[in-house]
Amino acid sequence: MTLRVIHGGRGSADLMPGLLVTGASEVVTMAGGIRAGADQDDPGVFRAADVGGVDAPDAPVVACWEGRVVAVGPREGVVAALAADGLPASRFARLDADGGTVTPGLVDPHTHLLFAGTREGELRLRQRGAGYLEILAAGGGILSTVAATRAATEDELLAHGRRWLDEMLAHGVTTVEVKSGYGLDPATELRLLHVAGLLAEEGPVEVVPTYLGAHAVPPEFRSQPDATDAYVRSIVHDQLPLVAAQGIARFCDVFCEEGVFSADQSRTVLEAARAVGLDLRLHADEIAPSGGAELAAELGVVSADHLAAPSEAGIDALAEAARGGRPVVATLLPATTWFLMTHHYAPARRLIERGVPVALASDFNPGTSPTPNLALVLTVACLELGLTPSEALAGVTVNAAHALGLGDEVGSLEPDRQADLVIWRVPTHLQIPYFPGANLVRSVVKRGQIVLERA
Ligand code: NIG
Ligand code: FE
């Protein structure tokens with residue numbers, strides 16, 4: 001199977017103002033806002049089979065104009081309404097879905113895209129029983145990636161970022177959150193965020209940058225008796241002001257975990273980040289209950305991520321925030337649990353039952369989840385978290401967009417959203433997680449331009 005980036009990609013100009021996607025068996029809209037509770041299972045689908053097939057006059061289409069969705073619905077009605085608005089059908093290029101499924105472009109709301117080196121040796125260590133935090137405490141894990149990343153040039157990081165963004169795009173991802181966190185010193189953290197910014201400018205995948213200076217305590221602080229507190233002070237005084245002054249991060253994140261940054265230390269970093277204008281997100285309770293979920297609710301962060309081991313009080317706090325109309329999105333990373341072989345998955349069903357909106361992400365990183373394939377994450381979410389395919393798809397579209405504060409821009413196919421969509425080579429979205437590891441992507445559209453087609 002060949003893969004062609006055909007236009008709208010790096011360095012190419014926009015071609016046509018209008019795009020009409022026809023011939024879909026299903027158009028999954030995810031319209032209507034963030035999904036929580038029973039609504040997480042409602043994908044908002046138009047089915048061609050309900051109206052006489054893909055060639056019928058009422059078969060569903062998606063109309064895009066100048067990079068935005070302008071209409072979704074029955075073909076003849078949409079075409080007539082557009083013509084009445086001065087947008088005749090002749091001004092729209094056609095894209096035939098050929099009986100496939102159309103969904104919003106996927107949003108990956110948690111990745112550590114930028115790093116140097118690989119850590120395949122840790123897989124063997126973990127197979128022999130070593131714990132993830134044990135490897136980190138011994139100076140491996142994140143810290144070995146920090147050493148390699150500090151030694152990498154901007155060009156090397158850029159080439160690495162392009163390579164893996166291309167892989168993500170090939171799997172239907174059109175928006176990606178990208179964290180720093182493998183520098184842990186001002187110069188390297190800024191270099192990573194600068195590279196994220198260059199990738200954002202290049203496109204076509206949209207990049208949302210997050211500053212994660214509080215990912216681990218770097219080696220040069222580790223000999224001090226109060227190493228973690230000293231590094232937290234350095235983050236607040238030496239790193240955050242530079243990150244804020246350069247305006248190169250949207251979010252601040254912290255790895256809140258027993259033995260890494262405590263809830264109090266995480267609060268210190270996050271409050272300082274908020275004071276300099278950054279939005280907040282949190283690695284919460286990935287391995288053990290560490291007060292992360294409680295802190296996420298207390299601070300009203302946009303997204304609490306991992307949650308493989310939240311306390312009961314933490315789940316209650318997230319449920320209470322959702323009930324109060326200030327939901328913290330629970331961004332779950334089941335491919336990480338799978339790859340770490342801990343078999344201790346996030347309580348996804350309980351979170352949904354308690355009304356907490358659930359998103360899913362790859363966590364792409366060299367230690368715990370080296371997969372760029374978000375569709376595979378859907379499969380793991382269905383098999384191990386017990387999500388339905390529709391709930392899982394909401395987790396990587398509309399809810400993932402909300403996990404990035406971008407719910408009004410991406411993640412759903414409805415008027416005024418960015419025209420980001422994927423055509424899948426299957427007749428229903430229920431089959432996207434059903435073929436684990438297959439690449440079912442046929443075409444990807446970003447801001448109304450076809451950016452990828454697989455022949
Ligand atoms: O989300 N847990 C912290 N950060 C990553 C892993 C980073 C690494 O091991 O390099 C995660 O799992
Ligand atoms: Fe992570």
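User: Why does Phe 221 count as buried?

Analyst: The relative accessibility of Phe 221 is 16%, and buried means under 20% relative accessible area, with exposed over 50% and partly exposed in between (1.4 Å probe, protein chains only), so Phe 221 counts as buried. This is a predicted model, in which local features need pLDDT of at least 70, side-chain atom pairs count only at pLDDT 80 or more, and totals for chains, interfaces and linings use all residues, while side-chain values use heavy atoms and leave out hydrogens and water. Residues are numbered from 1 along each chain as its sequence is written, and chains are lettered from A and ligands numbered from 1 in the order in which they are written.

User: Where is Phe 221 found, and which residues does Phe 221 touch, not counting those up to four places away in sequence?

Analyst: Phe 221 sits in the loop between strand E11 (206-214) and helix H7 (227-246), where helices (H or I, at least four residues) and strands (E, at least two) are DSSP runs, numbered from the N terminus. With that exclusion, Phe 221 touches Ala 227, Ala 230, Tyr 231 and Ser 234, contact meaning heavy atoms within 4.5 Å.

User: What makes Glu 206 and Arg 447 a salt bridge?

Analyst: The closest N and O atoms of Glu 206 and Arg 447 are 3.4 Å apart, and a salt bridge is a side-chain nitrogen of Lys or Arg within 4 Å of a carboxyl oxygen of Asp or Glu, so the pair qualifies. The two residues belong to distant parts of the chain, Glu 206 in strand E11 and Arg 447 in the loop between strand E18 (441-446) and strand E19 (449-454), 241 residues apart. Glu 206 is buried because its relative accessible area is 15%, whereas Arg 447, with 42%, is partly exposed.

User: How do you know that Glu 312 and Arg 350 form a salt bridge?

Analyst: The closest N and O atoms of Glu 312 and Arg 350 lie 2.8 Å apart, which the same rule accepts. This pair also links distant parts of the chain, with Glu 312 in helix H10 (residues 312-323) and Arg 350 in helix H12 (residues 348-353), 38 residues apart. Glu 312 has 47% relative accessibility and therefore counts as partly exposed, and Arg 350, at 34%, counts as partly exposed too.

User: What makes His 110, His 112, His 283 and Asp 363 donors of the iron ion (ligand 2)?

Analyst: Donors are N, O and S atoms within 2.8 Å of the metal (3.2 Å for Na, K and Ca), and sites may look incomplete because water is not among the atoms. The NE2 atoms of His 110, His 112 and His 283 and the OD of Asp 363 lie 2.1 to 2.3 Å from the iron ion, so they satisfy that limit. Along the chain these donors follow the spacing H-x1-H-x170-H-x79-D.

User: How much area do domain 1 and domain 2 bury between them?

Analyst: About 2900 Å² is buried between domain 1 and domain 2, 64% of it on carbon and sulfur atoms, where buried area is the accessible area (1.4 Å probe) that two parts lose on being put together, summed over both. Domain 1 covers 3-104 + 413-454 and domain 2 covers 106-403, bounds that come from an automatic or database domain assignment. The centres of the two domains, taken over C-alpha atoms, are separated by 30 Å, and the contact takes 35 residues from domain 1 and 35 residues from domain 2.
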